[in-house]
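Please walk me through this structure, beginning with its strands and its nonpolar core and ending with the charged pairs and the surface.

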Amino acid sequence: LSSLTEPAVVFEGPARQAANLFPKNANIAAALALGTVGLDRLQVRLVADPSVSGPSNRVMLRGACGKISLEVNGTPLSQRTSRVVPFSVLKALKNMSSPISIGV
């Protein structure tokens, strides 16, 4: 991957397979699948792009009423994780200890 000069599709298929093959890269897709149509119906495309400096996720939802697109470009904390991960963990722990849970 270090020799890439342009974006390359690394994987395209169901979220279940993406999570099995790329557990460090497909965790958001797996969580989205569990909250929507399921691991076998949600389609995932993983792209290696040398021009992107940090973690990036694009979510596209299509239905009878229309289409929604959301893109999140994170700030890297290290080569292994983004800056949002520690905050997500803290929020999850807070939700676990509270009778009311808001957000993720």
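The paragraphs below go through these topics in turn.

The model is a predicted one, and side-chain atom pairs are counted only at pLDDT 80 or more. A convenient starting point is the pairing of β1 with β2, two strands that run antiparallel and are joined by 6 bridges. Within this pairing, A8 has A48 of β2 as its opposite number. Strand β2 can be read as having two faces: V44, L46 and A48 lie on the covered face, whereas Q43, R45 and V47 lie on the uncovered one.

Two residues of that covered face, V44 and L46, reappear in the largest nonpolar core, a set of 11 residues that also takes in F11, A15, A18, A26, A29, A30, A33, L39 and L42. Helix α1 (15-21), helix α2 (27-35) and strand β2 (43-48) each contribute at least two residues to this core, and the greatest contribution, 3 residues, comes from α2. In soluble globular proteins, nonpolar side chains tend to be buried together. F11, itself a core member, shows how these parts meet, for when residues up to four places away in sequence are left out, F11 is in contact with Q17, A18, L21, F22, V44, R45 and L46.

R45, one of the contacts of F11, leads on to the charged side chains, among which 3 salt bridges are counted. In one of these, the side chains of E12 and R45 come together with an N to O distance of 3.0 Å. This pair connects distant parts of the chain, since E12 belongs to strand β1 (residues 8-14) and R45 to strand β2, with their positions 33 residues apart in the numbering. E12 has a relative accessibility of 52% and therefore counts as exposed, the cut-off being over 50%. R45 likewise counts as exposed, because its relative accessibility is 52%.

A further salt bridge joins R16 to D40, where the closest N and O atoms are 2.7 Å apart. Here too the pair links distant parts of the chain, as R16 sits in helix α1 and D40 in the loop between α2 and β2, 24 residues apart. With a relative accessibility of 40%, R16 counts as partly exposed.

The remaining strands, β3 and β4, form a hairpin in which 2 residues make the connection. Strand β3 (residues 56-63) and β4 run antiparallel and are joined by 8 bridges. None of the 8 residues of strand β4 (residues 66-73) is buried, so this strand lies largely in the open. How is R58 related to E71 across this hairpin? E71 is the bridge partner of R58 in β4, and the side chains of the two residues also meet in a salt bridge, at 3.5 Å from N to O. These residues are 13 apart in the chain, E71 lying in strand β4 and R58 in strand β3. E71 has a relative accessible area of 43% and so is partly exposed, whereas R58, at 59% relative accessibility, counts as exposed.

The last feature is a nonpolar one at the surface. F87, V89, L90, L93 and M96 make up a nonpolar surface patch of about 580 Å². Of these residues, M96 is located in helix α3 (residues 84-96), and its relative accessible area of 70% is why M96 is classed as exposed.

Technical notes
Residues are numbered from 1 along each chain as its sequence is written. Side-chain values use heavy atoms; hydrogens and water are left out. Buried means under 20% relative accessible area, exposed over 50%, partly exposed in between (1.4 Å probe, protein chains only). Helices (H or I, at least four residues) and strands (E, at least two) are DSSP runs, numbered from the N terminus. Two strands pair if DSSP finds at least two bridges between them. A nonpolar core is a set of buried Ala, Val, Leu, Ile, Met, Phe, Trp, Tyr and Cys residues joined through side-chain atoms within 4.5 Å. Contact means heavy atoms within 4.5 Å. Patches are made of residues with over 30% relative accessible area and no salt bridge: like charges are joined within 9 Å, nonpolar side chains (Val, Leu, Ile, Met, Phe, Trp, Tyr) within 5 Å. Accessible areas come from the Shrake-Rupley method with a 1.4 Å probe; for residues, only the protein chains shown count as cover. A salt bridge is a side-chain nitrogen of Lys or Arg within 4 Å of a carboxyl oxygen of Asp or Glu.
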